[in-house]
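Thanks for coming, everyone. Have a look at this model with me, and then we will walk through its packing.

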Amino acid sequence: MPKGITKRAVDFEQEVFNLFKRYLSKDETVSFAPRVVLNDGTFNIFDMLLPEGCKILDLKGPLFIECKYSIRPDSTKYYTRLFEDFSSKKKDANFLIVFNDQGQPIQKYEGENLHIHFISFSELNQKLIEKSGNKEESELIGSWQERTQKNKKDLKNLLDEKVCTPILGAGVSIDAKVPSWEQLLRQLLQKAKNYSKEDVEAHYKFLSDRYENSLLIIARIIDGYLKDPEEKILLMADILYHKDIKKSELIKELANVIKDKGIKDVITFNYDTLLEDELDPEHKSEISIYNKTRAPKNNVAVYHVHGIIKNNDKFRDKNIKLADKDYTRPVLSENEYHELYGDANSWSNIKILNALYHTHCFLVGLSMTDPNLRRLLDVAKKNQSADMPHFVFLGRFDNIDEEYYDTQEILMNKLGLKVIWYTTEKKKTGVPGKTWTDYSNLTKAISELKKPEFKSEDSPK
């Protein structure tokens, strides 16, 4: 099997596993790849085992599961006979084949054994949601404008109660012309290799194609080109705080909401300190928190959970050793990310979880593809009541099918997030092939949060 197919098959198994983990009751368990030894000494290995079965699906245990990312429409006869042979030796077993949706019907072969079941991933997902009683996760009521209006009002009420924590991503700083993660990697590659613009594009395209545009892996490769850690940090500082950086209306409005609503804690995945410049430029060194040894000294604290890069003379002074500079190593590449992801007790993971457990978070400028953040949202949702919602601001383009955004909103709901949509568009820069994303409607949506009377241009007419 080709490597790409193998990777997708493993990912598919993980998705199925996570789905069962979410909806199984407390007295039900699921495990990977059990080796089942039969009375005659033979054994079989399945993808998963639910020894107690699955009450939601009305399937008694032991329930053996096979996950098939790629399955021919006519191949179910083979799997049916295979399981029938196994079930003749283990008569109390149930078998479930979960296959990837392929847009073509699977020809189910009904043998004599009625303990064999076939189900697509989407059908399985839908059944688990509906039978668990969580229909709200799969049903969207009203138009997206109506849902957005309601979610904005809910968030504003919670802000008035002073029980909210902003969680900010790269989209916030991009509005100030700070490079995106991908742009940062391109510029680091250019400086590390002293490349021309054409060479950078060619090399980056090779890495992107080779590693399926995984920014974490690409960052790790580029990180390997930068042998000197101090050189890397100084290069990042030069790239982040370039001469064309501008005042951001979005950051300004976020700062106004934070001050107006008396917010004490802000969590950011950004390295820059542009938000601190807006909140309190004279005391911004006291506002920034970026490791477990620093404690808040001000009315508001900005937690840099992926590290910080400062914009001051001491930080840029090459005569001061890196160890003596007041900073935390930025989480940029795959190995650094894995180090953070693998440490359940890291101060940054604990800070995010505490915010999710004890406050209502609203997420701004995040693409929602970060697996660690999604994992933490999932953990929090499983361990708190339904009346503890969080919110995420997401952009939508007019030229994208509405069904795509409905699916995205359902997925966010499953993570415990209510979506606040804002319309956006790509605009030309004057440079051929280059565009920029218009965040003005996001800025307006944030600005509305501090107004006493709450109205929206997206509200139903």
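Which hand does the crossing have where α14 passes α16? It is right-handed: α14 passes α16 in a right-handed crossing. On the term, a crossing is left-handed if the near helix is turned anticlockwise from the far one by less than a right angle, and right-handed if clockwise.

Ground rules next. This is a predicted model, where local features need pLDDT of at least 70 and side-chain atom pairs count only at pLDDT 80 or more, while totals for chains, interfaces and linings use all residues. Residues are numbered from 1 along each chain as its sequence is written, and side-chain values use heavy atoms, with hydrogens and water left out.

Now confidence. pLDDT is the predictor's confidence in each residue, from 0 to 100. The protein averages 81, and 80% of the residues score at least 70. Residues 1-7 fall below 50, and that stretch has two contacts beyond near neighbours in sequence. Contact here means heavy atoms within 4.5 Å. Residues 453-461 are also below 50, with 20 contacts beyond near neighbours in sequence.

Back to the helix pair. Helices are DSSP runs of H or I with at least four residues, strands are runs of E with at least two, and both are numbered from the N terminus. α14 covers residues 334-342 and α16 covers residues 371-382. Their axes come within 10 Å and cross at roughly 10°. Axes are lines fitted to C-alpha atoms, for helices over the stretch in contact, and angles run from 0 to 180 degrees between N-to-C directions. The two helices are therefore roughly parallel to each other. The classes are: under 35 degrees roughly parallel, over 145 roughly antiparallel, 65 to 115 roughly perpendicular, and the rest oblique. At the contact, Tyr337, Leu340 and Tyr341 of α14 meet Pro371, Asn372 and Arg375 of α16. That divides into four nonpolar, one polar and one charged. Ala, Val, Leu, Ile, Met, Phe, Trp, Tyr, Cys and Pro count as nonpolar, Asp, Glu, Lys and Arg as charged, and the others, Gly among them, as polar.

Second pair: α6, residues 181-193, and α8, residues 215-225. The angle is about 20°, and the axes are 10 Å apart. So α6 and α8 are roughly parallel to each other. Their crossing is left-handed. From α6, the contact takes in Trp181, Glu182, Leu185, Leu188, Leu189, Ala192 and Lys193. From α8 come Leu215, Leu216, Ile218, Ala219, Ile222 and Tyr225. The contact of α6 with α8 has eleven nonpolar residues, no polar and two charged.

Third pair: α10, residues 249-260, and α18, residues 440-448. These axes come within 9 Å and cross at roughly 10°. Therefore α10 and α18 are roughly parallel to each other. Glu249, Leu250, Glu253, Leu254 and Val257 in α10 meet Leu442, Thr443, Ile446 and Ser447 in α18. The split is five nonpolar, two polar and two charged.

On to the sheets. Two strands pair if DSSP finds at least two bridges between them. One open sheet has seven strands, in the order β12-β13-β11-β10-β14-β15-β16, with parallel pairing. Its edge strands are β12 (288-289) and β16 (417-423), and each pairs on one side only. β12 pairs with β13, residues 301-304, in the parallel sense over two bridges. There, Ser288 stands opposite Val302 of β13. Helix α4, residues 144-160, packs on this sheet and touches β10, β14, β15 and β16. Its direction makes about 115° with that of β16.

The other open sheet has five strands and mixed pairing, in the order β1-β4-β7-β8-β9. Its edges are β1 (31-32) and β9 (116-120), each paired on one side only. β7 and β8 (residues 94-99) run parallel, joined by six bridges. Lys68 stands opposite Phe99 of β8. Helix α3, residues 121-131, lies across β8 and β9, at about 95° to β9.

Last, two backbone details. A cis peptide bond joins Gly61 and Pro62, with omega about -5°. Pro62 sits in the loop between β6 and β7. Lys177 has a phi near 75°, a positive value in a residue other than glycine. Lys177 lies in the loop between α5 and α6.
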